[in-house]
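Reader: I am new to this structure and would like to go through it by question and answer. Please show it first.

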Amino acid sequence: MAPKSVSTYEEARKQRIEENKKCFENLGISKTLKCLAELQSSEKSVKRHPKPKSESIYTLEPRRSSRARNPVPSYRDDVNIELPHLRKRSRISSSWASYIARPLDECKTASYEERSQAFNGAEDLQGKLTAGNPSFVKSMVRSHVYSCFWLGLPSKFCEDHLPKTTVDMVLESENGAEYDAVYIGKRTGLSGGWRAFALEHKLDDGDALVFELIDPARFKIYIVRAASCSSEEDDDTAVRAGDNKSASSHGAEKADKKSEQRPKTRTKKDVGSSKASSSKKKKK
């Protein structure tokens, strides 16, 4: 029974293959397969010839003469390319210098002594205010007076005396001039009109300002210049130096007078000469 089953299976398989071939022929698939096979075989049969290498420009031509070839100048390394000159880096960074609102000659950098003296002077001035209004002292830096013009206020002062919203403020100088500014409560700082106030009064790095809140939306501002503190210090040192010089000269004059008043001390030579003169007088 086994060989009969195998033969029937083989016969059925062959019939299915023939049926599939007839279907492929009807659909035209067999022709496309033959065309593709022919194309593949033709591509394999065609040999690709490598492209000839282009001769280098700098290869030397063959010569019949035994004389040495004259040197040919090369212009490849003699090309003059003008490069831009390197700029010297300024002390002030270019990113900051592009935003400053005043000439570079007017921008100053205060020393620690100048800044501390101006701050101490502002604190003394704050203590002399008799109105009893809330106030604070603020030391100026470059971002306050030269660029950016954002002035952050003490957070404790803002929490106690200023609103938490954005309101319009008035900045009043010592002379009574008024400048409109904007106070931003979320950031606790002044913007807007602060730029005009700083540029109008030519505030510099190191200056100390006393802010007195005379009204809920009005600051009166007193300015203590760092430059004036440094000049006062120079005057004090000059006065001290003059006092020292006068004291030293007065002491030298006193020393000269004392030396004149002191009796002259007699040396051995003076004693011997006096004895010789007295003996000569006796002989006579």
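Reader: Is Arg218 buried, partly exposed or exposed?
Author: This is a predicted model, in which local features need pLDDT (the predictor's confidence in each residue, from 0 to 100) of at least 70, side-chain atom pairs count only at pLDDT 80 or more, and totals for chains, interfaces and linings use all residues. Residues are numbered from 1 along each chain as its sequence is written, and side-chain values use heavy atoms, with hydrogens and water left out. Buried means under 20% relative accessible area, exposed over 50%, and partly exposed in between, with a 1.4 Å probe and protein chains only. Arg218 has a relative accessibility of 19%, so the residue counts as buried.

Reader: With which residue does Arg218 meet in a salt bridge at 2.9 Å, N to O?
Author: A salt bridge is a side-chain nitrogen of Lys or Arg within 4 Å of a carboxyl oxygen of Asp or Glu. Side chains of opposite charge can pair when their charged atoms come close. At 2.9 Å from N to O, the partner of Arg218 is Glu178.

Reader: Which strands does this pair link?
Author: Helices (H or I, at least four residues) and strands (E, at least two) are DSSP runs, numbered from the N terminus. The two residues are 40 apart and belong to distant parts of the chain. Arg218 is in residues 218-224 and Glu178 in residues 178-184, which are strands E7 and E4.

Reader: Which residues do salt bridges with shared partners join into one network?
Author: Arg218 and Glu178 both belong to this network. Its full membership is Glu172, Glu178, Asp215 and Arg218.

Reader: How many salt bridges does the count come to?
Author: The pair of Arg218 and Glu178 is a salt bridge. Another joins Lys156 to Asp160, with the closest N and O atoms 3.9 Å apart. By the rule, the count comes to eight.

Reader: In which helix do Lys156 and Asp160 lie?
Author: Lys156 is exposed at 55% relative accessibility, while Asp160 is partly exposed at 46%. They are four residues apart, about one turn of the helix. The helix, residues 155-161, is H6.

Reader: How many residues apart are Asp204 and Lys108?
Author: Asp204 and Lys108 form a salt bridge, their closest N and O atoms being 3.8 Å apart. Asp204 is in the loop between helix H7 (194-200) and strand E6 (208-215), and Lys108 is in the loop between helix H3 (94-97) and helix H4 (112-127). Asp204 is buried, with a relative accessible area of 12%, whereas Lys108 is partly exposed at 44%. Their separation in the chain is 96 residues.

Reader: How far apart in space are Pro134 and Leu213, C-alpha to C-alpha?
Author: Pro134 sits in the loop between H4 and strand E1 (135-139). Leaving aside residues up to four places away in sequence, Pro134 touches (heavy atoms within 4.5 Å) Phe157, His161, Phe211, Glu212 and Leu213. Although Pro134 and Leu213 are 79 residues apart in sequence, their spacing is 5.7 Å.

Reader: Which helix gives the most to the nonpolar patch?
Author: Patches are made of residues with over 30% relative accessible area and no salt bridge; like charges are joined within 9 Å, and nonpolar side chains (Val, Leu, Ile, Met, Phe, Trp, Tyr) within 5 Å. Phe24, Leu27, Ile29, Leu33, Leu36 and Leu39 form this patch on the surface, with about 600 Å² of accessible area together (Shrake-Rupley method, 1.4 Å probe, only the protein chains shown counting as cover for residues). Helix H1 (2-27) and helix H2 (29-45) each give two or more residues. With four residues, the helix giving the most is H2.

Reader: How many disulfides does the count come to?
Author: A disulfide is a pair of cysteine sulfur atoms within 2.5 Å. Cys35 is partly exposed at 44% relative accessible area, and Cys158 is buried at 3%. By this rule the count of disulfides is zero.

Reader: What pLDDT does the chain average?
Author: Over residues 280-284 the pLDDT stays under 50, and the model has zero contacts for them beyond four places in sequence. Where pLDDT is low, the predicted coordinates should not be read in detail. In the chain, 61% of the residues score at least 70, and the average is 75.
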